[in-house]
Amino acid sequence: MILTQNHQCKNIAVENKQFYRDVISGLQLRPKQLQSKYFYDENGDKLFQDIMNSPEYYLTDCEMEIFTRQTKQLAAAIRKGGEPFDLIELGAGDATKSIHLLKQLMDEGADFTYLPIDISDHVISYLDATLPVSLPGLKITGLNGEYFDMLKKASAISNRRKVVLFLGSNIGNMPVSDAQEFCNEIRKHISAGDMLVMGVDLKKDPKTIRAAYDDKEGITKQFNLNLLTRINRELHADFNVDSFDHYCSYDPETGSCKSYLISLTQQQVCVNGENISFEKDEYIYMEISQKYTVNEIDQMADAAGFKTLDHLYDDRGWFTDSVLIAE
Ligand code: AVJ
């Protein structure tokens, strides 16, 4: 079959240049790929909420169970390092899990300040406005920006001991080597005696994992396709989302759960002046959700210069919040 060039594929100024560069360079790679950090536009945020409420997506329930049933143990582990301290949360979101810990620490009269960090200014202004109302007396300073820029800023505003929260298995959104590098980088931004509390999804029955990323209702499929819709809207592209399907694989050997969008036909897509062609069955690699064993977490922590103080688990032992101390 001969494809005719799409001569209408024009280049118009885009607002988010970094997004444009990342999308074009990703689609020019072989295999093609897109970055999952771009899933979260307004509709993507909503779809992720729906995923968290879906029966198959167990991660949020597991971590919520830890934060509601083992709040005292968690608070005790954190307070062991001494006071006052800064409780810094990377990617705080709506803080639905951490709020239980905050409340416990306040009830115990712990001397701390909460510093939520988020890339969304909407999230930060929401937390700054609502948390002091639900938790009267809470000291809070929201920081809006990239994780490491804001960690630096946090160090600049106080020299108190730091406890960093990185929850929700967000570490899973990186391949293992990047996750290691990320832990190393956190360690470099804090001091000996500071802590890292990291939520990590554990290796388990492969069917349970795959179902969580391939839900029956097709919300995860929509979540992936939504990035194409976002590219259409923000980068003046013409993806026909109906001609792509979602596929998810889990490899029990490596612990990698990966999402792909598969082109159902041979087709051409215009992304703001660039023609991108797809073969039938060609895939775009969209996202990794890496799973770990407890041993692998300990090893990663150790290599980054942390010692494991404790692992807290949900009842099913599917998820852990690991309490690590910087050496
Ligand atoms: C927000 C990165 C933890 O990988 O489990 C959920 C994102 N992707 N379903 C995950 C996600 C598809 C989620 N994280």
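Biologist: Over residues 20–324, what percentage of the chain is helix, and what percentage is strand?
Modeller: Happy to start there! UniProt lists residues 20–324, in an unreviewed entry, as "domain: Histidine-specific methyltransferase SAM-dependent". In this predicted model, the end C-alpha atoms of that stretch are 38 Å apart. Its make-up is 41% helix and 26% strand.

Biologist: What average pLDDT does the protein have?
Modeller: A good thing to check with a predicted model. For the complex, the predictor gives an ipTM of 0.99 and a pTM of 0.95. Of the residues, 98% score at least 70, and the average pLDDT is 96.

Biologist: Which two domains does the ligand lie between?
Modeller: Let's look at its surroundings. The shell includes Ile-51, Gly-168, Tyr-213 and Glu-287. Helix H10 (219–234) and strand S11 (283–290) each give two or more residues to that shell. Because both domains contribute residues, the ligand lies between domain 1 (3–55 + 208–290) and domain 2 (70–202 + 292–326).

Biologist: How many residues of the shell around the ligand are polar?
Modeller: Sorting the shell by class gives the answer. There are 4 nonpolar residues and 1 charged residue, while the polar ones number 7.

Biologist: Is Thr-265 buried or exposed?
Modeller: First, find Thr-265 in the loop between strand S8 (256–263) and strand S9 (267–271). Leaving out residues up to four places away in sequence, Thr-265 touches Ser-243 and Lys-280. A residue with 12 or fewer C-beta neighbours within 10 Å counts as exposed. Thr-265 has 12 such neighbours, so it is exposed.

Definitions and conventions. Residues are numbered from 1 along each chain as its sequence is written. This is a predicted model: local features need pLDDT of at least 70, side-chain atom pairs count only at pLDDT 80 or more; totals for chains, interfaces and linings use all residues. pLDDT is the predictor's confidence in each residue, from 0 to 100. Helices (H or I, at least four residues) and strands (E, at least two) are DSSP runs, numbered from the N terminus. A residue is buried if 20 or more other C-beta atoms lie within 10 Å of its own, exposed if 12 or fewer, and partly exposed in between; C-beta atoms are placed from the backbone. Two residues are in contact if their C-beta atoms, placed from the backbone, lie within 7 Å. UniProt positions are given in the numbering used here, feature names are shortened, and annotations may be inferred rather than shown by experiment. A residue is near a molecule or strand if its C-beta atom, placed from the backbone, lies within 6 Å of it. Ala, Val, Leu, Ile, Met, Phe, Trp, Tyr, Cys and Pro count as nonpolar, Asp, Glu, Lys and Arg as charged, and the others, Gly among them, as polar. Domain bounds come from an automatic or database domain assignment.
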